[in-house]
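Here is my notebook from a first look around a new model. Feel free to follow along with the viewer open.

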Amino acid sequence: MRLRTLPALLVSTALAVTALSTTAADAAPQGPRKVTIGTSVKDRPIKAWRLGDPAAETKVLVFSVMHGDETASRTILRTLRDGADIGGVDLWVVPVLNPDGVARGTRYNARGVDINRNFPVDWRRVKHAGSRPASQPETRALMRLTDRIDPDYVINFHQPLYGIDTTGSRSPAFADALRRHLRLPAKAFRCGSGCHGTFTQWFNQNHDGTTITVELGRSPQRSYLTSIAPRGVLAALGATR
Ligand SMILES: [Zn+2]
C-alpha cells in the first residue's frame, strides 16, 4: 500500500534528492545513494543508503541498531553498502537507526524511549514507550522511509536472542530461506508483557509486505558479520553481487 503523498524526507546532498525522486532514481542507477532520513533527539543524522537496482521489482528495507546496545548487525549492513554492486533487488539499508543510543551504550534513545514501543499501533502509556505514539524522531524517520519504499520485505536485526521468528510470517518461504542462509534457528519471539507499539505491528497494519525480526547472538564472529550474513541476506532475497 503506497501512500499518496511523498514524505518530507530530509536530504543531505543534491544526489540524495535524486535518489528520492522516483523517476530520476529509476532512470539512473549509479551506485549507492546516501539519504539522511531524519535526525535523532540529539541531532545526529540517521542515514540510509539505497543499493542495488532502483528499477527492480522487489523492494527491500534492512535496518539495524534500533536498540543502541545491539550494534553487531550494523557491520552486516555496512558490508552490503560497501561491497560490489548488487543486482536484482532495490535494497535500502539503515545501519544505525538509533545513533544516540549507540553513543550512550543503551537500548533507548536520548529521551529514554524504546523506539520499538513507540509506533502508533497498540501504543500504551508505559515506561520507555514515549509520551505519545510516534513521539520520537527516530520512530518517525523509520515510518517515513518505510512508507516511501513500501517494501516487499523488511529485515530488522536485533540481539542477543539468537534466532529468526518464522511463526506467522506472511511469507513462510522467505522466512525459511533467510533462516537457512543466516544459519540461525527458528524461534518464536514474544514481547515480555505483550507486544505494543512495535515496528512489526505498525508495519503489518500499514503495509502488505513481509517483515522479519532477526536476533543475532550476543557476540557474533566477525567473519559471520562481514561474509556469511551479508551473503545470506542477498541469497535469501535472490539478489546478485
Ligand atoms: Zn532489539
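Which residues have the most contacts inside the largest nonpolar core? Before answering, I remind myself that this is a predicted model.

**Entry 1: the cores.** I looked up the largest nonpolar core and found 32 residues in it. L91, F157, L178, L182 and V214 have the most contacts inside it. Next I checked which elements build this core: β2 (45–52), β3, α3, β4 (90–94), β5, α6 (172–181), β7 (210–215) and α8 (222–237) each supply at least two residues. The biggest giver is α8, with seven residues. I also noted another core lying apart from this one, with 23 residues, including I37, I46, V94 and V154. As a general reminder to myself, nonpolar side chains in soluble globular proteins tend to be buried together.

**Entry 2: F157.** I picked one of the well-connected residues and listed its neighbours. Leaving out residues up to four places away in sequence, F157 touches V62, F63, S64, V65, S73, I76, L77, L182, V214, L216 and V233.

**Entry 3: S64.** That list led me to S64, which sits in the loop between β3 (59–63) and α3 (74–82). Is S64 buried or exposed? I count S64 as buried, because its relative accessibility is 0%. Its side chain comes to 2.6 Å from the backbone oxygen of P95. With the same sequence neighbours set aside, S64 touches S73, R74, L77, V94, P95, V96, L97 and F157.

**Entry 4: the zinc ion.** Which protein atoms are the donors of the zinc ion? I found H67 (ND1), E70 (OE), E70 (OE) and H158 (ND1), at 2.0 to 2.6 Å from the ion. Along the chain, these donors follow the spacing H-x2-E-x87-H. E70 and H158 link distant parts of the chain: E70 is in the loop between β3 and α3, while H158 is in strand β5 (residues 153–158), 88 residues apart. I checked both E70 and H158, and both are buried. Why is the arrangement irregular? The four donor atoms subtend angles of 53 to 151° around the zinc ion, so the arrangement is irregular.

**Entry 5: helix α5.** I finished with α5 (residues 137–149), which has 13 residues. From first C-alpha to last, α5 reaches 18 Å, close to the 18 Å expected at 1.5 Å a residue. This helix is mostly covered, as eleven of its 13 residues are buried. Among them are P137, L142, M143, L145 and I149, along with E138, D147 and R148. Just past the end of α5, I noted that D150 takes a positive phi of about 50°.

Terms used
Residues are numbered from 1 along each chain as its sequence is written. This is a predicted model: local features need pLDDT of at least 70, side-chain atom pairs count only at pLDDT 80 or more; totals for chains, interfaces and linings use all residues. Side-chain values use heavy atoms; hydrogens and water are left out. Helices (H or I, at least four residues) and strands (E, at least two) are DSSP runs, numbered from the N terminus. Buried means under 20% relative accessible area, exposed over 50%, partly exposed in between (1.4 Å probe, protein chains only). A polar contact is a pair of N or O atoms within 3.5 Å; within protein, one must be able to donate a hydrogen and the other to accept it, and residues adjacent in sequence count only if both atoms are side-chain atoms. Contact means heavy atoms within 4.5 Å. Donors are N, O and S atoms within 2.8 Å of the metal (3.2 Å for Na, K and Ca); water is not among the atoms, so sites may look incomplete. Four donors count as tetrahedral if all angles lie between 85 and 135 degrees; four count as square planar and six as octahedral if opposite donors are over 155 degrees apart and all others between 65 and 115; anything else is irregular. The expected span of a helix is 1.5 Å times one less than its number of residues. A nonpolar core is a set of buried Ala, Val, Leu, Ile, Met, Phe, Trp, Tyr and Cys residues joined through side-chain atoms within 4.5 Å.
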